[in-house]
Amino acid sequence: MNGNNILSQLNDSQRAAVQEVAGPVMVIAGAGSGKTRVLTYRIAYMLEQGIVPWRILALTFTNKAAREMTERIQKLIGDGRAKAVQMGTFHSVFLRILRTEAEKIGFSRSLTVYDTDDSKSLLRNIIKEMNLDPKIYVVNFILNRISAAKSNLLSDEDYARNTEAKQYDKECGKPLVSEIFTRYNKRMHNANAMDFDDILYYMNVLLRDHPDMLFKYQNRFQYVLVDEYQDTNFAQYMIIKKIAASHHNICVVGDDAQSIYGFRGADINNILNFKRDYPEAKLIKLEQNYRSTQNIVNAANAVIKNNNKQIPKKVWTENEEGTPISVLQSGTENDEAAAVCDSIFEVEHNYHVDYNDIAILYRTNMQSRALEEMLMKRHIPYRIYGGVSFYARKEIKDVLAYCRLAVNHYDEESLRRVINYPLRGIGDTTVERVVACANEHNARVWDVIENPVFFEVPVNGPTKEKLMDFANKIKSFTALLATKDAYEMGKHIVFASGIAAALKADPSDKDRMDNVEELLDAMKDFSENAEEPTFNDDTGEVIENFTPTLDRFLESVALLTDADEKDSEEEHKVKLMTIHAAKGLEFDYVYITGLEENLFPSAMSIGSRRELEEERRLFYVAITRAKKVLTITHAQTRYRFGSMQFCEPSRFLDEIPLSCQKTLRKASSGKGLFSGKSGAGEVYSGKTFVPKSKLPAKPKPDFSASSVGRIATPPEIVPGLRIYHLKFGYGTVSKIDGTGEDRKAVVNFETLGEKVLLLKFAKLIIPKDGGKK
DNA sequence: ATGGAGACCTTTTTT
DNA sequence: AGGTCTCCAT
């Protein structure tokens, strides 16, 4: 296909975005406006114009996006140049560069990437070694602080000097965060390891401190493209800015309305301020939505309108009006799941919709449980994306720890993980002494293990032997690296490490062994089929003969994310995932569940306008995933922390215009499809949904929705008990009548007087505070 | 060293 | 509620 053909398939703004190859360009791509199309066509167009593929740096949000884009470009231009474009996530592209330049920043080529679990584990060890109280020095908090610092390009030394940061930590009762940070970095460095944030941080260091490197990569990457620019953080922003500084051929694509990674340091100002950085920048807006019905587009627009900071744009569509959006309310989370399942059943049955075109979205991973149970019960095939990833499983991490150790002996977390697994008589005490010894001599743990006699580890002779045996075993693996591919190494390690024997010894570990074999399959696939290009360090040209070595496998696995999971098109399964995971995807039928205050928007974000706006953008992303039919659900009660909690409908529901909603649709309740009864849980939605502002004042002003109490079980309900009812407010049980199904309670309500309630239906809540005023 | 009972904590979202 | 971690008994 030639350049003109490529252009003929685009609308005016899309074509402009494709053709503006030189100079700074910002493309604001509304949801469903054909952003991916523009990106792929743009790169294809550039290649057709004769631009050398390895001079193009294209940064995507996930590896999967990069892979798909490469394929599509390849189809467009019909040759192999697409593969030579340097395309991938920030982390994968720059990790590769850091590896080749490792010595310049004090690392070696065999460096390991620590995942979040590794980082946390190291932090736990440090906190323990410093004799700090882990209840005060909460690992998550510390890691967030360190991560935020690195994302803002603060070193541990900068942090130690930063009075604001130290003041904050002091106020949080954790004055030693800075000290932990310093130790953490030192240990990372000793382990020849980087965490995710380090990759971006050290890339900045490389460009900052080594003018030759800056020159090299500015020169290499003559054209820079960034997808999902609204989700870049400061460290990423600076890398791009530096690389593009000499030529200004930078094209960023994004949508400020879809910025949903602020919690991880993404700075929406990067996109809002692009014009300031490049005054000569061209701004192109893609506003026509090709994805969704008018109802969906209108609802999304109406919701996002409530946010303040925005790049003005009007997303519109020529698509048909479509089905109104249904809002379903149900009694409990199980009722909600049943309502969703009912609807899916109906749609599949009556309209023969493929399960594959249906997605259920939620704010938090934990919400998948009730949905999963109900789907299983109804025999609806499904697949959950996200949650505990395959590579986070214990047995997988164990195998990978051996692999990582074989490549990088200094990988301390891996070493600690498997030094006594399978059991070889090196207990915690020994490990502690070894680590203490290493710290004392300013040596690495591996050095001590390799030579316990020299370092005079305070353990007995046989234990020293065991340490050396372990080191020798790892060294025997290392010796094979040069001649074996990833799969051969993996197979060897699984057996020679003793992991296979340990797992087979216990029949209850059958699943784990299966997982290990799945890992071996993945290694085999990698060894046989991987097409990871290898680039020439100096020119950036692609070197054809890729060798699928173990370290390359580990690298590819370290930066895998759930979003990268192989797409199982034609799997005919309903997809379940968080809204974050759904970013960039689209489905004919979408269910957004759990639209409740304190859940969506999340309780953590309700306090601040900024975070609330991010939640709203998240809702916007969720709505705009739907192509044809959108259903939104919420429940009145939900189990949280083991107790039943009352849930108010989300404020976001009020923001959907009634004109886009379906009228009077009855939600399922209780047993779902075949249950007509719903008692106190009887609810409607659509136009009958009363905006919160019109609800009668709550009986108690200090009423906090998340902490009402729990639902009473019938035997607990006795005369004299003070209870709370969702509709009627507070009251006291005055009498119990009848038996079994017919058991009734006479309740004297504060505001409404006496009522008789059938216990079978009434959800009486025992207030947490005992019902005192 | 191993396993079981109980305490305890959790819930944002993820590269 | 359920999973993880800790501590104690074996």
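## A look at chain A and its helix 8

Of the 773 residues of chain A, 54% count as buried. Keep in mind as you read that this is a predicted model.

Let's start with the whole chain. Chain A is built with 30 helices and 26 strands. Its accessible surface comes to about 33,900 Å², and carbon and sulfur atoms hold 51% of that area. Taking contacts between residues at least 6 apart in sequence, 75% join residues at least 24 apart.

What about the cysteines? The count of disulfides comes to zero. Two cysteines are listed here with their relative accessible areas:

| Residue | Relative accessible area | State |
|---|---|---|
| C251 | 1% | buried |
| C660 | 2% | buried |

Now let's zoom in on helix 8, which runs over residues 139-151. How far apart should its ends be? At 1.5 Å a residue, the 13 residues should span 18 Å, and the end C-alpha atoms are indeed 18 Å apart, so the expected and modelled spans agree.

Is helix 8 mostly covered or mostly open? Helix 8 is mostly covered, with 10 of its 13 residues buried. Among them are the hydrophobic-looking names you might expect to check, V139, F141, I142 and L143, but R145 and K150 are buried as well.

Which elements do these buried residues pack against? Their partners are helix 7 (116-129), helix 9 (156-161), helix 10 (163-171), helix 11 (177-190), helix 12 (196-209) and helix 14 (234-244). Helix 8 is followed by L153, where phi is positive, near 65°.

How values were computed. Residues are numbered from 1 along each chain as its sequence is written. Chains are lettered from A and ligands numbered from 1 in the order in which they are written. This is a predicted model: local features need pLDDT of at least 70, side-chain atom pairs count only at pLDDT 80 or more; totals for chains, interfaces and linings use all residues. Side-chain values use heavy atoms; hydrogens and water are left out. Helices (H or I, at least four residues) and strands (E, at least two) are DSSP runs, numbered from the N terminus. Buried means under 20% relative accessible area, exposed over 50%, partly exposed in between (1.4 Å probe, protein chains only). Contact means heavy atoms within 4.5 Å. Accessible areas come from the Shrake-Rupley method with a 1.4 Å probe; for residues, only the protein chains shown count as cover. A disulfide is a pair of cysteine sulfur atoms within 2.5 Å. The expected span of a helix is 1.5 Å times one less than its number of residues.
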